[in-house]
Amino acid sequence: MIQLYGLKMSNYYSLVKALLIEKGVDFEEVKAPPTQEEDNLSRSPMGKMPSIGVDGNYMSESLAIAAYLDRVQPEPALLPSDPFAAGKVIELVCHMKLDVELVARRCLPEAFFGQTVSDETKSSTQKDLAKGMAALDRIYVGAPYAAGADLTLADFYTYFSFGLAGGIAQKMFDTDLIADYPKIQGVMARMAEHPSVQRVEAEKA
Ligand SMILES: N[C@@H](CCC(=O)N[C@@H](CS)C(=O)NCC(=O)O)C(=O)O
């Protein structure tokens with residue numbers, strides 16, 4: 001049995017939970033807020049969520065956990081068997097994480113936690129988000145899934161990364177981040193109907 005540590009409010013926790021459900025792996029949820037306390041740092045060296053426990057060993061970082069799950073339970077596959085196609089899925093994930101979500105997160109303290117970020121941060125966030133979205137659009141297939149014909153890890157990242165990044169952009173800049181990106185809109189709609197994602201959303205309540 002795998003332990004999933006974190007809080008249901010976290011998009012990365014939700015992503016990993018959806019992958020565990022998708023894979024049909026037995027897991028239990030352990031409520032663990034992100035702290036710099038030793039017990040949390042021993043599971044997740046930056047003190048973030050989520051992390052997993054496997055027989056007393058721990059792993060952090062959603063992408064690492066996804067890679068582990070894909071090997072421990074190969075079906076349904078999160079990555080295509082073709083090596084180049086698999087690399088292209090990870091490429092999509094990297095751009096979503098690094099050039100969209102992480103950029104939007106600069107404004108997270110103001111968007112959702114009642115703090116203030118500087119005008120300079122707001123302006124650089126808006127500019128860098130536009131650049132990240134244009135970059136992602138160049139490689140995003142979205143017909144019908146993020147990487148093409150089949151459901152992959154990139155579709156789960158789409159749903160959970162854009163859930164957060166879109167919410168921040170709406171709140172901070174009063175803009176719909178994916179308004180001009182129909183391929184991403186299509187995947188968001190498709191994933192919202194996907195059973196593992198629906199279970200994660202239902203269990204958040
Ligand atoms: N790169 C990490 C990101 C994890 C992350 O940013 N988690 C957030 C919650 S969604 C967190 O723990 N934030 C609290 C903190 O940074 O202290 C992953 O992919 O798992």
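A pocket, as the word is used here, is an open set of grid points with protein on both sides within 12 Å along at least five of seven lines. With that in mind, welcome to this predicted model. Its largest pocket has a volume of about 830 Å³.

**The largest pocket**

Lining the largest pocket are 29 residues, and those closest to its centre are Ser 10, Asn 11, Tyr 12, Met 49 and Arg 105. Several helices take part: H1, helix H4 (83–104), helix H5 (108–113), helix H7 (153–173) and H9 each give two or more residues to this lining. H7 provides the largest share, with four residues. Sorted by class, the lining of the largest pocket has 16 nonpolar, seven polar and six charged residues.

**The ligand and its surroundings**

Where does the ligand sit? Its place is in the largest pocket. Around the ligand you will find Ser 10, Asn 11, Tyr 12, Pro 34, Lys 48, Met 49, Pro 50, Glu 61, Ser 62, Lys 97 and Arg 105. This shell is made up of four nonpolar, three polar and four charged residues.

If you would like to look at individual side chains beside the ligand, the table below is a handy place to start.

| Residue | Ligand atom | Distance to a side-chain N or O atom |
|---|---|---|
| Glu 61 | nitrogen | 2.7 Å |
| Ser 62 | oxygen | 2.6 Å |
| Lys 97 | oxygen | 2.5 Å |

Taken alone, the ligand exposes 510 Å², and the protein buries 76% of that.

Two of the residues in the table can also be placed on the fold. Ser 62 belongs to helix H3 (62–72), while Lys 97 falls in helix H4 (83–104).

**A closed space elsewhere**

How many cavities of 30 Å³ or more does the structure hold? There is one. The largest cavity contains about 30 Å³ of space. Its lining consists of Lys 8, Tyr 13, Ser 14, Lys 17, Val 200, Glu 203 and Lys 204. Helix H1 (11–23) and helix H9 (195–204) each supply at least two of these lining residues. By class, the lining of the largest cavity has two nonpolar, one polar and four charged residues. H1 and H9 appear in the lining of the largest pocket too, each with two or more residues there.

**Backbone details in the loops**

Now for the backbone, where three loops are worth a visit. In the loop between helix H3 (62–72) and H4 you will meet Pro 76. A cis peptide bond joins Glu 75 to this proline, with omega at about -10 degrees.

Another cis peptide bond links Ala 143 and Pro 144, and here omega is about 0 degrees. Pro 144 lies in the loop between helix H6 (119–139) and H7.

Finally, which residue other than glycine has a positive phi near 50 degrees? That is Asp 55, found in the loop between strand S3 (51–54) and strand S4 (57–60).

**Putting the picture together**

To retrace the tour, begin at the ligand in the largest pocket, with Glu 61, Ser 62 and Lys 97 beside it. From there, follow H1 and H9 to the lining of the largest cavity. Then finish at the loops that hold Pro 76, Pro 144 and Asp 55.

Technical notes
Residues are numbered from 1 along each chain as its sequence is written. This is a predicted model: local features need pLDDT of at least 70, side-chain atom pairs count only at pLDDT 80 or more; totals for chains, interfaces and linings use all residues. Side-chain values use heavy atoms; hydrogens and water are left out. On a 1 Å grid over the protein atoms alone, a cavity is a set of points where a 1.4 Å probe fits but cannot get out, and a pocket is an open set with protein on both sides within 12 Å along at least five of seven lines; lining residues have an atom within 4 Å of a point. Grid points are joined across faces, edges and corners, and a volume is the space filled by probe spheres set on the points. Ala, Val, Leu, Ile, Met, Phe, Trp, Tyr, Cys and Pro count as nonpolar, Asp, Glu, Lys and Arg as charged, and the others, Gly among them, as polar. A residue is near a molecule or strand if one of its heavy atoms lies within 4 Å of it. A polar contact is a pair of N or O atoms within 3.5 Å; within protein, one must be able to donate a hydrogen and the other to accept it, and residues adjacent in sequence count only if both atoms are side-chain atoms. Accessible areas come from the Shrake-Rupley method with a 1.4 Å probe; for residues, only the protein chains shown count as cover. A molecule sits in a cavity or pocket if more than half of its atoms lie within 2 Å of its grid points.
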